[in-house]
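Visitor: Please take one part of this model and go through it closely. I would like the packing and the charged pairs around that part in one connected account.

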Amino acid sequence: MPPSLTDRFLAKIVDGPLGCWDWTGHVKPNGYGQFKVGGRPQYAHRVAYTLTRGPIPDGLVIDHLCRRRHCVNPDHLEVVSHRTNILRGVSPAARRARQTHCARGHAFDDATTYVAPNGTRHCRRCSAARARTRRRREVHRAPAR
């Protein structure tokens with residue numbers, strides 16, 4: 001009798017740091033483990049979640065709370081929206097979204113911040129200072145009449 005799906009899966013796990021279950025099977029170049037189910041490759045963390053918690057709802061993704069892509073510990077996996085997953089990460093977009101102040105230290109709040117049509121936040125005080133500097137330079141560069 002061939003081993004069950006669960007037995008095959010568990011045979012590819014070892015204890016890792018921070019309580020992680022490290023995947024010892026195939027790991028893709030992007031860092032995620034891969035496991036074949038019914039002859040089709042699946043991400044190992046998604047298989048782990050499905051085996052222990054049930055199906056992943058449509059439109060949602062699995063977030064690694066431990067930030068280790070090859071971890072398959074179901075306690076380290078949470079179903080979230082794609083946006084939440086991205087914002088929890090370390091990408092430039094995630095870092096910008098977590099910023100509470102501009103580069104010059106002005107707070108991002110309703111009074112001092114405007115949101116551009118593309119969704120980026122801009123400090124009104126810094127924008128005004130840049131505009132003043134630009135106007136001063138234009139006055140000094142104007143040709144004499």
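Guide: What follows is a close look at helix H2 and its surroundings, then at the salt bridges and at helix H5.

This is a predicted model, in which local features need pLDDT of at least 70, side-chain atom pairs count only at pLDDT 80 or more, and totals for chains, interfaces and linings use all residues. Residues are numbered from 1 along each chain as its sequence is written, and side-chain values use heavy atoms, with hydrogens and water left out. Helices (H or I, at least four residues) and strands (E, at least two) are DSSP runs, numbered from the N terminus.

Helix H2 covers residues 44–53. Its buried residues (under 20% relative accessible area; exposed is over 50%, partly exposed in between, with a 1.4 Å probe and protein chains only) are Ala 44, His 45, Val 47, Ala 48 and Tyr 49. They pack against helix H1 (5–10) and against strands S2 (21–23), S3 (34–37), S4 (40–43), S5 (60–64) and S6. Contact here means heavy atoms within 4.5 Å. Ala 44 touches Phe 9, Trp 23, Gly 33, Gln 34, Phe 35 and Val 72, leaving aside residues up to four places away in sequence.

Several of these names recur in the largest nonpolar core, a set of buried Ala, Val, Leu, Ile, Met, Phe, Trp, Tyr and Cys residues joined through side-chain atoms within 4.5 Å. That core has 13 residues, and those with the most contacts inside it are Phe 9, Trp 23, Phe 35, Ala 44, Tyr 49, Ile 62 and Val 72. Two elements, H2 and strand S6 (77–81), give two or more residues to this core. H2 gives the most, with four residues. In soluble globular proteins, nonpolar side chains tend to be buried together.

After H2 comes Gly 54, with a positive phi near 110°.

Arg 53, in H2, also takes part in a salt bridge (a side-chain nitrogen of Lys or Arg within 4 Å of a carboxyl oxygen of Asp or Glu). Its partner is Asp 75, at 2.8 Å from N to O. Asp 75 sits in the loop between S5 and S6, so the pair links distant parts of the chain, 22 residues apart. Asp 75 is exposed at 57% relative accessible area, whereas Arg 53 is partly exposed at 44%.

By the same rule the count comes to five salt bridges. Asp 63 pairs with Arg 67, the closest N and O atoms being 3.0 Å apart, and with Arg 88, at 2.7 Å. Asp 63 lies in strand S5 and Arg 88 in the loop between helix H3 (82–87) and H4, 25 residues apart. Salt bridges that share partners join Asp 63, Arg 67, Glu 78 and Arg 88 into one network. Asp 63 is buried, with a relative accessible area of 1%, while Arg 67 is partly exposed at 45% and Arg 88 partly exposed at 34%.

Helix H5 offers another case of helix packing. Its buried residues include Cys 126, Ser 127 and Ala 131. Seen down the axis of H5, its buried residues fall within an arc of 140°, so they line one face of the helix; the arc is that of the directions from the helix axis to the C-beta atoms. The buried residues of H5 pack against strands S7 (113–115) and S8 (121–123). The face turned away from them carries the exposed residues Arg 125, Val 139 and His 140.

Definitions and conventions:
The expected span of a helix is 1.5 Å times one less than its number of residues.
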